[in-house]
Amino acid sequence: MELFLNQVFSGLATGSIYAAVALAVVMIFLAIDHFNFAQGEMAMFSTFVCWALLDAGTPYWLAFILTIAFAFAFGVVIERVLFRPLHSAPVLSHIIAFLGLFFILNNGAGWIWDFTIKPMPSPFPEGSISGLISYHQIGMIGVVLVMLALLFVFFRFTSVGLAMRAAAQNPESARLCGISVGWMIALGWGMASAIGAVGGMLIAPVVFLEPNMMLGILLYGFAAAIVGGITNPAGAVAGGFMVGVLENLVGTYIPFVGSELKLTVALVLIVAVLMVKPSGLFGRTTVTRV
Amino acid sequence: MAALLEVADLSAYYGPTKVLHGISFSLDEGGITTILGANGAGKTTTLRALCGMVRSVGQVTLGGEAITGLATESVAKRGVAHVPEGRGTFTRLSTEENLRLGAISRRDRDGVEADLERMYGYFPRLRERRQQQAGTLSGGEQQMLAIARALMLRPRLMLLDEPSFGLAPLIVQEMFRILRRINEEEKVSMLLVEQNAALALDLADTAYLLETGRVAMSGPAKEIVADEQVRRSYLGY
Ligand SMILES: Nc1ncnc2c1ncn2[C@@H]1O[C@H](COP(=O)(O)OP(=O)(O)O)[C@@H](O)[C@H]1O
Ligand SMILES: [Mg+2]
């Protein structure tokens, strides 16, 4: 029983990492209706910016806020400079651009800050609650839930949030309503980048900071987002926790899976959920009449 | 009456293909003008050209201001509400969210709330379905929603692209009655594109006949409806 509880709690803790990344994935999906394969690298790059600020003596929460502002602007600029010119290009061009961005950021971070791993401080106290879950992990879960609440309020109760959903779903109709779709997309990129940066800053103290830190995590983030329903931020967070817990339990109790096959488990989970419920566990099924 | 919309020598292109060949027409403030024509004549393209949705050249003037070449959203912000072909429903949003989107460029919150009630007054079915995903509404309900969404902009000019398309005759009659009422009560000018010529000529005061991207005939709706050739080709009697 104690082993079980241990695994559940540590699953929740890793799950909050996936949840943070999944939230960014959902955010970009809501804005542009597809994935951004360079999302993890954008988060990693912003985390390095935070590290550099801290290294220069900036107090933690100031660095945290400056990094969020940087990440937001970074996302907007990438959209304006790189993806807006491609906006009517075929999907393949987008994928190439994502890949290009991926390698530029990955190598760029390595070139600026080199590839050695760096310890990243946590804003939360050290220690844990009876060895089950550390204060950093609790803090992480809290921050993810706060971000979720903010997003919920933004999309549900503000007219910019409504305009953004409209622009993603039906750009032509959105323009006819007077919405500047181009700016909505840029705003979505900015927000996704900022959310990713928060995730990165919280993940780095756990996995250490280095240019490849997001590789596996982004896959889990995709898994969580898809399991939870790609257009549903709350579903994505729930999906993140589920993937985290499941991965731990499977790794512990099903001997041949161990820690090597855990990633495979995540992928199998995606496929299984998509087969049973194509819109994700918490996604809304769209019914369309013509 | 002063002209609200003046269009001079408007041409439009899909890629290299020219589909509108320099058409000119005008629409009086408070009036209803209809553009008739067979399938493929260029009616939809005309409306799209006015809203900057296709590449076009020519002069378009709205209330004295040139709006040629403006972005679609800027045309909307100048008070032109377009009920597009295919209705343009935001299928994954609720009925009420669809309506609020129509008013999203407005800043008068109280006015928007009042207009929402007004729309539910015009279209009680929409009130019943206000929290429902708009994609689940019937064709007729989605057409009502499209018209109501356009009205939420408080437009000076409404562009309607075949609002009768695919709807049962009774629903079409109901809809045209509401359009007439909106025109009379709220002085919204309308540019109505229709294949259903009889209905359109009954509602409109002025009519233009479009044939392969050119204006083939124009005049007061009463005269057009009496024209022998129009009767034979478009009215079927
Ligand atoms: N997206 C498009 N690409 C290329 N040609 C088009 C497109 N849409 C319409 N056309 C062509 O433009 C002409 C006018 O079409 P349209 O304006 O839709 O006619 P209508 O609305 O009167 O039925 C037709 O010949 C049609 O084939
Ligand atoms: Mg048409």
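Biologist: Which helix of chain B gives the most to the shell around ligand 1?

Modeller: This is a predicted model, where local features need pLDDT of at least 70, side-chain atom pairs count only at pLDDT 80 or more, and totals for chains, interfaces and linings use all residues. Residues are numbered from 1 along each chain as written, chains are lettered from A and ligands numbered from 1 in written order, and side-chain values use heavy atoms, without hydrogens and water. The residues around ligand 1 (a heavy atom within 4 Å) include B:Lys43, B:Thr44 and B:Thr45. With three residues, the top contributor (helices are DSSP runs of H or I, at least four residues, numbered from the N terminus) is helix H1, residues 43-50.

Biologist: Nice! How far is an oxygen atom of ligand 1 from an N or O atom in the side chain of B:Thr45?

Modeller: Happy to say! A polar backbone atom of B:Ala41 is 3.2 Å from a ligand 1 oxygen, and one of B:Lys43 is 2.8 Å from a ligand 1 oxygen. For the side chain of B:Thr45, the distance is 2.5 Å.

Biologist: Turning to the two chains, which residue of chain A meets B:Arg48 in a salt bridge?

Modeller: The contact (heavy atoms within 4.5 Å) takes 25 residues from chain A and 29 from chain B. Between the chains there are two salt bridges (a side-chain nitrogen of Lys or Arg within 4 Å of a carboxyl oxygen of Asp or Glu). At 3.4 Å, N to O, the partner of B:Arg48 is A:Glu172.

Technical notes. Polar contact = N/O pair within 3.5 Å; in protein donor to acceptor, adjacent residues only side chain to side chain. Helix = DSSP H or I, 4+ residues; strand = E, 2+ residues; numbered from the N terminus.
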